Amino acid sequence: MQDYGADGMRFGLLMQVTGAQDLKFNENKLVSSRNFANKVRNAARFVNMNLEGFVPGEPEPTTEADRWMFSRLARLVRSLDEAYDQFEFADVARELYAFFWNEFCDWYIEFSKASLREGADPVARLQTQRNLVFVLYTALRLLHPAMPFVTEQIYQELPGEKEAPYLMVASWPDADELAKYI
């Protein structure tokens, strides 16, 4: 924990768990998980830095990128529910990692940057901010069981009205409610 942090160690161990075999410890998984925790922090920092003029409101997928991201998020929740039901914790960790790093950070945040630039349409900027906060908030709830410390810290820094005082007691995303985005 001293070298990789509590969340990095926890997530790295989850990535290595298989249902029927003994755990073959791989320290490289802890390194990548520590880096992943930093990626989560940096993505949240980016979102928070781009919330000037933010007014909370309903998320609405107005662009192709929004529709794609919301659909991926809805499918992820359903997939994680199934993996948790089967105690497939390594699958949970891998899916969370792939979604957050590859889809949210590498694609969705990059697509959002154009709408967040100074001089962009203020209505589009506000909707982009709302959508980013919605996806980040939902992703934090999904990540929380595996990375409780970093996700709780980020949750406390998010603007707007919160469902619960702590992420730990916030409700799990409802796959049926999010199915409208698929």
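Helix α3 of this predicted model has 22 residues, which at 1.5 Å a residue should span 32 Å, and because its end C-alpha atoms are 32 Å apart, the expected and modelled lengths agree. Its buried residues are Ala65, Asp66, Met69, Phe70, Ser71, Leu73, Ala74, Leu76, Val77, Leu80 and Ala83, and what covers them includes the helices α4, α5 and α7. Ser71 may serve as an example from this list: it lies in α3 and counts as buried because its relative accessibility is 13%, where the cut-off for buried is under 20%. Leaving aside residues up to four places away in sequence, Ser71 touches Tyr181 and Ile182. Just after α3, the backbone at Phe87 takes a positive phi of about 60°.

The charged side chains of α3 can be followed next. Side chains of opposite charge can pair when their charged atoms come close. In this model the count comes to 6 salt bridges, and one of them joins Arg67 to Glu64, with the closest N and O atoms 2.8 Å apart. Both residues lie in helix α3 (residues 64-85), 3 residues apart, which is about one turn of the helix. Arg67 is partly exposed, with a relative accessible area of 36%, whereas Glu64, at 60% relative accessibility, counts as exposed.

Arg78, also in helix α3, forms a salt bridge with Asp176, at 3.5 Å from N to O. This pair links distant parts of the chain, since Asp176 belongs to helix α7 (residues 175-178) and the two residues are 98 residues apart. The accessibilities of the partners are 31% for Arg78, which is therefore partly exposed, and 58% for Asp176, which therefore counts as exposed.

A further salt bridge connects Glu163 with Arg141, the closest N and O atoms being 3.6 Å apart. Here too the pair links distant parts of the chain, with Glu163 in the loop between α6 and α7, Arg141 in helix α5 (residues 122-143), and their positions 22 residues apart in the numbering. Glu163 counts as partly exposed at 44% relative accessibility, while Arg141, at 12%, counts as buried because the cut-off lies at 20%.

Helix α2 (residues 27-49) can be read in the manner of α3. It has 23 residues and reaches 33 Å from its first C-alpha to its last, close to the 33 Å expected at 1.5 Å a residue. Leu30, Ser33, Phe36, Ala37, Val40, Ala43, Ala44, Phe46 and Val47 are buried in α2, and these buried residues pack against α1, α4 (89-116), α5 and α6.

Two of those neighbours, α1 and α6, also pack against each other. The axes of helix α1 (residues 6-16) and helix α6 (residues 148-157) are 7 Å apart and meet at an angle of about 125°. That angle makes α1 oblique to α6, because it falls outside the range of 65 to 115 degrees for roughly perpendicular and is not over 145, as roughly antiparallel would require. On the α1 side the contact is made by Ala6, Asp7 and Arg10, and on the α6 side by Pro148, Phe149 and Val150. Sorted by class, the contact has 4 nonpolar, no polar and 2 charged residues.

Conventions:
Residues are numbered from 1 along each chain as its sequence is written. This is a predicted model: local features need pLDDT of at least 70, side-chain atom pairs count only at pLDDT 80 or more; totals for chains, interfaces and linings use all residues. Side-chain values use heavy atoms; hydrogens and water are left out. Axes are lines fitted to C-alpha atoms, for helices over the stretch in contact, and angles run from 0 to 180 degrees between N-to-C directions. Helices (H or I, at least four residues) and strands (E, at least two) are DSSP runs, numbered from the N terminus. Angles under 35 degrees count as roughly parallel, over 145 as roughly antiparallel, 65 to 115 as roughly perpendicular and the rest as oblique. Contact means heavy atoms within 4.5 Å. Ala, Val, Leu, Ile, Met, Phe, Trp, Tyr, Cys and Pro count as nonpolar, Asp, Glu, Lys and Arg as charged, and the others, Gly among them, as polar. A salt bridge is a side-chain nitrogen of Lys or Arg within 4 Å of a carboxyl oxygen of Asp or Glu. Buried means under 20% relative accessible area, exposed over 50%, partly exposed in between (1.4 Å probe, protein chains only). The expected span of a helix is 1.5 Å times one less than its number of residues.
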